[in-house]
Amino acid sequence: MLSIEEVSKTFFAGTVNERRALVDVDLVLEQGDVVTVIGSNGAGKSTVLNTVAGRLVQDAGAVRVDGREVSRLPEHRRAAQVGRVFQDPMAGTAPHLTIEENLALADRAGASARAGSWGDEGASGAVR
Ligand SMILES: Nc1ncnc2c1ncn2[C@@H]1O[C@H](COP(=O)(O)OP(=O)(O)OP(=O)(O)O)[C@@H](O)[C@H]1O
Ligand SMILES: [Mg+2]
């Protein structure tokens with residue numbers, strides 16, 4: 001289950017360029033749910049996804065995966081349970097690897113999480 005609870009994110013807070021991208025966003029997805037997020041340019045769609053993936057850290061609120069708070073885990077630590085496909089294929093592949101090696105990486109994605117080995121390190125891995 002993915003749970004986004006009252007997540008807010010403001011870029012350049014307190015400056016003339018302040019952008020309130022997310023304000024108290026709530027979303028709960030159960031296993032097997034398929035959801036489309038729609039919105040105009042700049043509505044905050046990418047910011048939501050980046051917050052779930054760990055690319056960005058929200059200012060307030062929480063992101064939970066299977067009930068576990070992951071907000072303070074860096075992107076590479078969430079990757080076992082949170083995957084995504086980028087619009088730009090160059091952003092989601094390793095250019096120094098072959099196509100076969102890239103596919104092998106994708107095939108292994110989440111394997112350690114499925115084996116149950118990700119849960120022991122807590123949220124102490126890194127803080128951004
Ligand atoms: N890294 C950033 N630094 C500063 N402002 C940002 C950053 N990322 C997003 N924003 C701002 O946050 C708001 C939400 O942007 P976001 O990219 O999440 O929108 P979007 O819904 O994905 O838009 P699009 O349809 O164009 O992809 C916008 O005002 C944008 O300018
Ligand atoms: Mg976007």
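**Helix α1, its cover and the ligand shell**

Helix α1 spans residues 45-53, and its buried residues are Thr 47, Val 48, Thr 51 and Val 52. Around the axis these four cover an arc of only 135°, which puts them on the same side of α1. An α-helix has 3.6 residues a turn, so residues three or four places apart point the same way. The model is predicted.

**Cover and end of α1**

- The cover over the buried residues of α1 includes three strands: β1 (2-11), β2 (19-29) and β3 (60-65).
- Val 52 is one of the buried residues of α1. Leaving aside residues up to four places away in sequence, Val 52 touches Leu 2, Ile 4, Val 63 and Val 82.
- Gly 54 comes just after α1 and takes a positive phi of about 100°.

**Nonpolar core**

- Eight residues make up the largest nonpolar core. They are Val 7, Ala 21, Leu 22, Val 48, Val 52, Val 63, Val 70 and Leu 73.
- At least two residues of this core come from β2, and at least two from α1.
- Val 48 and Val 52 belong to this core, and both are among the buried residues of α1.
- Val 63 is also a core member and is touched by Val 52.

**Shell around ligand 1**

- Ligand 1 is surrounded by Phe 11, Arg 19, Ala 21, Gly 39, Asn 41, Gly 42, Ala 43, Gly 44, Lys 45, Ser 46 and Thr 47.
- α1 gives the most to this shell, with three residues.
- β2 and α1 are each the source of at least two shell residues.
- By class, six residues of the shell are polar, three are nonpolar and two are charged.
- Thr 47 lies in the shell around ligand 1 and is buried in α1.
- Ala 21 appears in the ligand shell and in the largest nonpolar core.

**Strand pairing**

- β1 and β3 are antiparallel partners, paired over five bridges.
- Glu 5 stands opposite Ala 62 of β3.
- β3 also runs antiparallel to β4 (residues 68-69), and two bridges join them.
- Val 65 has Arg 68, in β4, as its bridge partner.
- Two residues lie between the strands in the hairpin of β3 and β4. In this hairpin, Asp 66 takes a positive phi near 50°.
- β3 thus has several roles here: it pairs with β1, it is joined to β4, and it helps to cover the buried residues of α1.

Key: Residues numbered from 1 in each chain as written. Chains lettered and ligands numbered in written order. Predicted model: local features only at pLDDT ≥ 70, side-chain atom pairs only at ≥ 80, totals over all residues. Buried ≥ 20, exposed ≤ 12 C-beta atoms within 10 Å, placed from the backbone. Arc of directions from axis to C-beta. Contact = placed C-beta atoms within 7 Å. Near = placed C-beta within 6 Å. Nonpolar A, V, L, I, M, F, W, Y, C, P; charged D, E, K, R; others polar. Core = buried A, V, L, I, M, F, W, Y, C linked by C-beta atoms within 7 Å. Pairing = 2+ DSSP bridges.
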